[in-house]
Structures are given as structure tokens and as C-alpha cells.
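I opened this entry to look up the sheet, the helices and one chain contact. My notes follow the order of looking.

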Number of protein chains: 4
Amino acid sequence: MTTTFELRHRIRFSECDPAGIVFYPQYFVLFNDLVEAWIDSVVPIGYHGLIATRRIGMPTVRLEVDFKAITRMGDDVVLVLEVVRVGSKSYSLALSCKGVEGDLRVSAMQTIVTTSLQTHAAIPIPDELRCALIPQTQRNTQ
Amino acid sequence: MTTTFELRHRIRFSECDPAGIVFYPQYFVLFNDLVEAWIDSVVPIGYHGLIATRRIGMPTVRLEVDFKAITRMGDDVVLVLEVVRVGSKSYSLALSCKGVEGDLRVSAMQTIVTTSLQTHAAIPIPDELRCALIPQTQRNTQ
Amino acid sequence: MTTTFELRHRIRFSECDPAGIVFYPQYFVLFNDLVEAWIDSVVPIGYHGLIATRRIGMPTVRLEVDFKAITRMGDDVVLVLEVVRVGSKSYSLALSCKGVEGDLRVSAMQTIVTTSLQTHAAIPIPDELRCALIPQTQRNTQ
Amino acid sequence: MTTTFELRHRIRFSECDPAGIVFYPQYFVLFNDLVEAWIDSVVPIGYHGLIATRRIGMPTVRLEVDFKAITRMGDDVVLVLEVVRVGSKSYSLALSCKGVEGDLRVSAMQTIVTTSLQTHAAIPIPDELRCALIPQTQRNTQ
């Protein structure tokens, strides 16, 4: 059993380049907003609470991305997140952008580390985030 | 009677600066996305259809903005658009960003001109957009 | 006598929209980078020192902008800043973007307030910034 | 012998997030601007000429990135590009962001395909770009 989360999104003019398609760095803004919306949905203090109140950073340390097909201004897409690994100080997410018919546009594997925003050093994943990363049934059997 | 449109939005990490508040150019991205969502809701071919198919540009020619209060990462806001003037080749929108309790954060007056994307010269507002700009009752009495 | 500062810049693909011209919110990113480069050139601790070390915010409170002509991807432009008013807790800048032949593309009047990043309340312009805002000769005669 | 290109850059407020460090999608904007500056330096019609006049797209199809160390607002960095592979319709670049003392912050491997902006289908790398990708001495010995 895995933890997944998805959001529908319409590609905006502001996200596209002079070729009329998504400017590729914008996919990472979309994915970052997706991770934030997901954390808001599973951690009571939310992403902004982790950052601003708890002073926990969540920088990316590794990213592998395949761009399979272009996405045009006005296209409706589905952004999908799946937790694929939970370590002691880092976790990995499979992220994708698909058309509404399920055709893959972009797939990414992202590793995020939890850090102290005071020192920017890695710290153990805080409990409230760890609980959200590991689904209930999986935790029960461990 | 006026044409208004509004959207709720949660301020994302990606929209904030090292001061932890909305980076002010991002308000214009939010307002541009708002204008686009509004046009999608009133013009059948949508904003992307006007741009990509009809090759009509909608550049901004004048902007007056007051930033009344800061907005923090994680804040829920309401983005509001009101059509305040419809000319022959341009129209003006009152745009605002408010907290969910109605407290004003940013208010802007924006004048947009319609252009040919072939020549970038101003052209009369196309009929399908003009119909959307002027509410039904107002058109009936003119 | 006035304080002015200018930078040359080539408009990048990343700054343009599906119409092939500068996406208007990007002008404010360019102007913010211009203000930062200017403060770096006149304040020894730099813009990042004011923000990160001194915890002084410099949010915009008012903006008036005229977009006179489009700027295309690949165009070389000159970004110009002039200090036009220095108050006790705020100052105003005239900002413009011109083609290399001097043709005006965008002109803006921006009012910036100095704040405490602890409270986000306005504070008197700190001395090291005030010295930079008022040219030497003008200070001598006051 | 390899083709390399580098640019110095100061990290701007506009490129940083509420943690005070470079927002990771901004590295891809910096790298895209670097690729564009490099193409401007080796192809007479420039990046904008390839896009706007020749209607050649250069989308990214694969990206592998390691984020080794954070970069703070105000840091001076060197952005480095090296051509590592030239195929018939695609080429690969090694991209990195280093501190001015040579300490690695980000390293990326990017594969770019050349396309027709009419059809968005892959096309052979156009001659003027191919000449720039393969250094003179290497061409002489082939």
C-alpha cells in the first residue's frame, strides 16, 4: 500500500514560454506546490507551519526527470505524487504530470532531506511528517 | 451592474521571498492567472484560444497598485476582479487580493489593450470578449 | 543633483510569454534585481546584508506603471533607476526599461518602505541606506 | 577537447525562498539562461533567432540533478556548461553551479532535443548549432 496524492491543474499562460508550451522549470514549481498541498492535507500545522514555526527545511537533494511529451497553454493536467521511500533523514517521491486521459507528460523521482533552518544540516524526519509519509496499515505491521 | 469574478487561493512557498511574505511581482502572476480563469469562464474558446488560435494579445498598458498589508506563506486569500471600463480597444479591471475575512492586502487598477499578435498593434476588442466584458442587462439598456 | 543607476540586460527566453514578449510581471523581477544591484553598489553590507543580517525589509507600498512598447526575446535593454524622493520611513524610485537606442518601453514610479522583518512594521530608513539615497553634494547643503 | 562556457552570477533576492536559499526550480531558470547566453556566443543568429526566426525548439527531454550544498541570497556563483554528447537530433550538457572558490553546489546532466516549433517533432540538429556544439579541432579529425 502506498501514499498517493493528486491535483488537477489547468496550464496557465504564466507557465508557458515563447514556444507556447510549459517552460520546463515551471514543472518544478508545480511539483513543489503539489508537495506543499499534499503536506497541508496530511500534517495538521501544514507546510508553512513546518517551515515558519518549526523551522524545518525540506530541500531537494536529488532529481531525475523524463520529459515525455509537451504540455500546451490551456491543457488540463493531473499532478500525481507517490511516496516511494522513507529513510531516517530523507524521503523519495515519484511525481508525474499527466494529461486528463492519463497520457504521461513528465515523470520525476525526487529525494528530499529534512533540515534545520538554523544550521541547514540534515535532521531526522520529524514525527508529524513521518506519520504522514507511512500509511497507517503499513505502520501497524512493522 | 458590474461583472465580477473571484477565486480563492492559498499562498504557496514558491510565491514567497526570503522575508517569508509574497514576493510582490508574484501578485501580478496571481492577477494574470485570475484574468485568465475569468476569461476561461466567460469566453467559450478560453484565454488560450484567444492567444493561440485567434492570435489576440492582451498586454497591460497601465497599472496602479497599492500594497496595503503583507500576505504570508500559507495564508488563504480571495482574488477579486471587477470590470470597471470597456473602451473600443482596451478595458480596465479593478483587481484585489483580500484575506478571507475581507481585509485588503493589495488593490490594483489595470488597463489591458487587445492587440494582433502578428503586428502587436492595438485592435478593436473582439466580439466574443466584448460580450463577456459587458453584462447582459447593461447591454440591453444601451 | 540626483542619484541614478543603470544596468544593461538582454531579455531572456525565460522572461517571455507565449506572445514572444516580456511577461509583464517579469519587469518587476528585473526592477527588483536592479534595486538590489544598486543597493549592493552603494551600501557596504549589500541588499542581502540588510535583509539577512540587519533583518530590514524593503516592501513596495505603491506602484504606478506605464507600458509604452513591447520588448521581445533577445532584445538588449537598459534598466534605469533614479531616486526621486527620500522620506523618513520610505523612498520613491523612478524606474524604466529602455531599448539601447533610448526608446522607452516601461516606466514606473515605486514607493518602498523600510520595515523590521521581526514585526513587518515601518521603521526609519537605516543610516547606511539613507546615506546612499541622498547624494553627497545634496547632504552637504542640507 | 571539449566545449565549455561559464558565467558569473550573484544570487538575487528574487531567486530565493522563505528559507533564504535558492528556490530549487530557479537553478533551472539560471541554467536555461546559461544555455541561452552560450548559444548567443556561438551561433550568429542567437538563441532568439533559432526560436523566433528559424522556429526551432530546444526542449529538455532528460534531467539528472544532484544538489550538493545550499546557495544563499547574495552569494557569488559560477555557472558552468560543458557539451558532453552530440547526437543526430539531441545533445547533452553537463551543467553546474559552483561557489567562487570552486565548491560544488549543484551538478546536472541535461539532454536537449531539437524540434520544429510547427509540429513539436524532433528534427536533426540544424547545421549552425551543430558547428557550435563540436569544437573546431574535433571536427577536423572526424
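Before checking a helix length, I fixed the yardstick: the expected span of a helix is 1.5 Å times one less than its number of residues. The model I am reading is predicted.

**Helix H1 of chain B.** I took residues 24–42 of chain B, which make up helix H1 with 19 residues. From first C-alpha to last, H1(B) reaches 28 Å, close to the expected 27 Å. I then checked cover: 16 of the 19 residues of H1(B) are buried, so the helix is mostly covered, with buried meaning under 20% relative accessible area.

**The sheet.** I traced an open sheet of 10 strands, paired antiparallel. The order reads S1(B)-S4(B)-S5(B)-S6(B)-S3(B)-S3(C)-S6(C)-S5(C)-S4(C)-S1(C). Its edges are S1 (4–10) of chain B and S1 (4–10) of chain C, each paired on one side only. On average, neighbouring strands are turned by 15° against each other, direction ignored.

**One edge in detail.** I followed S1(C) to S4(C), residues 76–86, and found seven bridges in the antiparallel sense. Within this pairing, Glu6(C) has Val80(C) as its bridge partner.

**Helix H1 of chain C.** I looked at what H1(C), residues 24–42, lies across. The list includes S3 and S6 of chain B as well as S5(C), to which H1(C) runs at about 115°.

**Chain D against chain B.** I found nine residues from each chain in the contact. The two chains bury about 730 Å² between them, 83% of it on carbon and sulfur atoms. Which three residues supply the most of chain D's share? They are Phe13(D), Pro18(D) and Phe23(D), with 68% of the area that chain D buries there. I looked for salt bridges across this interface and the count was zero.

Methods: Residues are numbered from 1 along each chain as its sequence is written. Chains are lettered from A and ligands numbered from 1 in the order in which they are written. This is a predicted model: local features need pLDDT of at least 70, side-chain atom pairs count only at pLDDT 80 or more; totals for chains, interfaces and linings use all residues. Side-chain values use heavy atoms; hydrogens and water are left out. Two strands pair if DSSP finds at least two bridges between them. Helices (H or I, at least four residues) and strands (E, at least two) are DSSP runs, numbered from the N terminus. Axes are lines fitted to C-alpha atoms, for helices over the stretch in contact, and angles run from 0 to 180 degrees between N-to-C directions. Contact means heavy atoms within 4.5 Å. Buried means under 20% relative accessible area, exposed over 50%, partly exposed in between (1.4 Å probe, protein chains only). Buried area is the accessible area (1.4 Å probe) that two parts lose on being put together, summed over both. A salt bridge is a side-chain nitrogen of Lys or Arg within 4 Å of a carboxyl oxygen of Asp or Glu.
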